[in-house]
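Grab a pen and have a go at these exercises. Try each task yourself before you read its solution.

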Amino acid sequence: MNRPLVAILSGAGVSTDSGIPDYRGPKGLWRKDPEAEKLVTYEYYMADPEIRRRSWLMRRESGALGAEPNTAHRAVAELERSGVPVRVLTQNVDGLHQLAGMPDRKVLELHGTARTVECTRCHARTPMDDALARVDDGEDDPACLTCGGILKPATVMFGEHLDPVVLGQAADIAKACQIFIAVGTSLQVHPAAGLAGVAADHGARLVIVNAEPTPYDERADEVLREPIGTALPELLRRLHTTNP
Ligand code: ZN
């Protein structure tokens, strides 16, 4: 029996119920505050130790790593556990889909992860927690312990490109899926937003769950404006029962 592949593109709106604000969307906090945006802009970050010092402090104080998955994350993980093939393509860097129980290999993090830091010279990857512990111990700008290079979060900063390998895998999923659900994303930031169009072009049923209108609403088979915390679990439960 062939079960339809469900692709879920998740944006900042999925994590706001976990207390994580929209930082990087078109109306996100960083875009509204040029000084804050510098902290997550590659060119400034690499050029200026003071920007890095403030960036580490911001990460330590944000508390984002302590956030818990919410009902939307859990509903996605439950759909996967029910036996429906699910892939998550997420614009979020918080790792909450995995914490809710989605297997790592079924989650593509389009903008990387804030739970890991990466050396900009030797590309060694280590836990963010370890770097933040060094900041707690008084280091302004913890350097790579392997090569001394500048460390940065393993996220895609402004001024950086998305990983072409990850993006290619995401496009393959968008082409292959039968149902594409865009949830909590304004679908305004490309190339991630374009995945909805790719899916629709390849015959997927397109469902959009977002409080605000998106540029893809007219192409969608279904648009839900209700709060994600109720709309997404209801929508996904329907998929459990219609695919026994
Ligand atoms: Zn290094």
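A donor here is an N, O or S atom within 2.8 Å of the metal. Keep in mind that you're looking at a predicted model.

**Exercise 1: the zinc site**

Find the protein donors of the zinc ion, then work out what arrangement they form.

Solution.
- Step 1: Look around the zinc ion for donors. You'll find the SG atoms of C119, C122, C144 and C147, lying 2.3 Å from it.
- Step 2: Read off their spacing along the chain, which is C-x2-C-x21-C-x2-C.
- Step 3: Place one pair on the fold. C119 belongs to strand β4 (residues 112–119), while C144 sits in the loop between α7 (128–136) and β6 (151–155). They're 25 residues apart, so to speak two distant parts of the chain get linked.
- Step 4: Check how covered this pair is: C119 and C144 are both buried.
- Step 5: Now the angles. Four donors count as tetrahedral if all angles lie between 85 and 135 degrees. The 4 donor atoms here subtend angles of 99 to 115 degrees, so the arrangement is tetrahedral.

**Exercise 2: a helix with a buried face**

Which residues of α7 are buried, and where do they lie around the helix axis?

Solution.
- Step 1: List the buried residues of α7: M128, A131, L132, R134 and V135.
- Step 2: Look down the axis of α7. Its buried residues fall within an arc of 155 degrees, so they line one face of the helix.
- Step 3: See what they pack against: α4 (49–62), β4, β5 (125–127) and β6.
- Step 4: Move just past α7, and you meet G138 with a positive phi of about 110 degrees.

**Exercise 3: an arginine in α4**

Is R52 buried or exposed, and which residues does it touch?

Solution.
- Step 1: Locate R52: it's in helix α4.
- Step 2: Buried means under 20% relative accessible area. R52 has 7% relative accessibility, so it counts as buried.
- Step 3: Look for a polar partner. A polar atom of the R52 side chain lies 3.1 Å from the backbone oxygen of M46.
- Step 4: Leave out residues up to four places away in sequence, and R52 touches Y45, M46, A47, D140, D141 and I150.

**Exercise 4: two domains**

How far apart are the C-alpha centres of domain 1 and domain 2?

Solution.
- Step 1: Mark the domains: domain 1 is 1–20 + 69–111 + 161–244, and domain 2 is 27–66 + 113–155.
- Step 2: Their C-alpha centres lie 28 Å apart.
- Step 3: Count the contacts: 8 residues of domain 1 are in contact with 6 residues of domain 2.

Notes: Residues are numbered from 1 along each chain as its sequence is written. This is a predicted model: local features need pLDDT of at least 70, side-chain atom pairs count only at pLDDT 80 or more; totals for chains, interfaces and linings use all residues. Side-chain values use heavy atoms; hydrogens and water are left out. Donors are N, O and S atoms within 2.8 Å of the metal (3.2 Å for Na, K and Ca); water is not among the atoms, so sites may look incomplete. Four donors count as tetrahedral if all angles lie between 85 and 135 degrees; four count as square planar and six as octahedral if opposite donors are over 155 degrees apart and all others between 65 and 115; anything else is irregular. Helices (H or I, at least four residues) and strands (E, at least two) are DSSP runs, numbered from the N terminus. Buried means under 20% relative accessible area, exposed over 50%, partly exposed in between (1.4 Å probe, protein chains only). The arc is that of the directions from the helix axis to the C-beta atoms. Contact means heavy atoms within 4.5 Å. Domain bounds come from an automatic or database domain assignment. A polar contact is a pair of N or O atoms within 3.5 Å; within protein, one must be able to donate a hydrogen and the other to accept it, and residues adjacent in sequence count only if both atoms are side-chain atoms.
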